[in-house]
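Visitor: Could you walk me through this structure, feature by feature? I would like to learn how to read each one.

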Amino acid sequence: MSYKKFITLLFAIFLVSSCSSFIKEEEMATLKGYENSTYTLMKDAGEGQHLLKKGEKVKIHIVTSDESIKVYCYPKDVSFLKSKRILTLYLFDADFEKKIFDNNIFQKHLFLVVHPDE
């Protein structure tokens, strides 16, 4: 194998591996499903004028990247577009065993911050 081909192959492997997400496509629907529920906030979140109080009814918005999951809360009576969302949970791939998303681990962390209303 020529040197140029070898370098090209290494670059391609690096590019593919660096673009992979620790959250698989089929798990994205599960994460987005959490956004359809209403929750009770388990502890105060935010600061100053943008404070959500423990016990407040909230909705959540989940944002994912290749290496992290962010969960934002906002009051359930405010529309998403008009809401001031507060970051309440921030997990990295390192928070999961072998840097692979596990819904059980996510739920454990999420339910320390918010509790689903029935």
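Guide: We will go from the overall fold to the core, a buried charge, a surface patch and the salt bridges. Please keep in mind that this is a predicted model.

Visitor: How many helices and strands are there in the protein?

Guide: The protein has three helices and seven strands. Going along the sequence, their order is α-α-β-β-β-β-β-β-α-β.

Visitor: Which figures describe burial, contacts and surface?

Guide: Of the 118 residues, 27% are buried. For contacts, take pairs at least 6 apart in sequence: 47% of these join residues at least 24 apart. The accessible surface is about 8,200 Å², and carbon and sulfur atoms account for 57% of that area.

Visitor: How should I read a nonpolar core?

Guide: The general idea is that in soluble globular proteins, nonpolar side chains tend to be buried together. Here, the largest nonpolar core contains 23 residues, and I69 and F106 have the most contacts inside it. Two or more residues of this core come from each of β1 (39–41), β4 (57–64), β5 (68–75), β6 (86–92) and α3 (103–113).

Visitor: Which residues is F106 in contact with, leaving aside neighbours within four places in sequence?

Guide: The list is L31, Y34, I62, I69, V71, L89, L91, F96 and F101. So I69, named above for its contacts inside the core, is also one of the partners of F106, by the rule that contact means heavy atoms within 4.5 Å.

Visitor: What about charged residues? Where is D93 found?

Guide: D93 lies in the loop between β6 and α3. This residue is buried but has no salt bridge: K99, the nearest side chain of opposite charge, is 4.5 Å away. A salt bridge needs a nitrogen and a carboxyl oxygen within 4 Å. Not counting residues up to four places away in sequence, D93 touches F22, E67 and K99.

Visitor: Which residues make the nonpolar surface patch?

Guide: L87, Y90 and F92 make that patch, which covers about 270 Å². Take Y90 as a worked case: it sits in strand β6. Because its relative accessibility is 36%, Y90 counts as partly exposed.

Visitor: Now the salt bridges, please. What is the idea, and how many are there?

Guide: Side chains of opposite charge can pair when their charged atoms come close. In this model the count is three salt bridges.

Visitor: Which residue does K32 pair with, and are the two partners buried or exposed?

Guide: K32 pairs with E35, and their closest N and O atoms are 3.3 Å apart. K32 is partly exposed because its relative accessible area is 36%, whereas E35, at 19%, is buried.

Visitor: And K57, which residue is its partner?

Guide: K57 forms a salt bridge with D117, with 3.4 Å between the closest N and O atoms. This pair links distant parts of the chain, since K57 is in strand β4 and D117 is in the segment after β7 (114–116), 60 residues apart. With relative accessibility of 38%, K57 counts as partly exposed; D117 is also partly exposed, at 28%.

Visitor: What does the pair of K76 and D77 look like?

Guide: In that salt bridge the closest N and O atoms are 4.0 Å apart. K76 has a relative accessible area of 41%, so this residue is partly exposed. D77 reaches 70% relative accessibility and therefore counts as exposed.

Note on methods:
Residues are numbered from 1 along each chain as its sequence is written. This is a predicted model: local features need pLDDT of at least 70, side-chain atom pairs count only at pLDDT 80 or more; totals for chains, interfaces and linings use all residues. Side-chain values use heavy atoms; hydrogens and water are left out. Helices (H or I, at least four residues) and strands (E, at least two) are DSSP runs, numbered from the N terminus. Buried means under 20% relative accessible area, exposed over 50%, partly exposed in between (1.4 Å probe, protein chains only). Accessible areas come from the Shrake-Rupley method with a 1.4 Å probe; for residues, only the protein chains shown count as cover. A nonpolar core is a set of buried Ala, Val, Leu, Ile, Met, Phe, Trp, Tyr and Cys residues joined through side-chain atoms within 4.5 Å. Lys and Arg count as positive and Asp and Glu as negative; His and the chain ends are not counted. Patches are made of residues with over 30% relative accessible area and no salt bridge: like charges are joined within 9 Å, nonpolar side chains (Val, Leu, Ile, Met, Phe, Trp, Tyr) within 5 Å.
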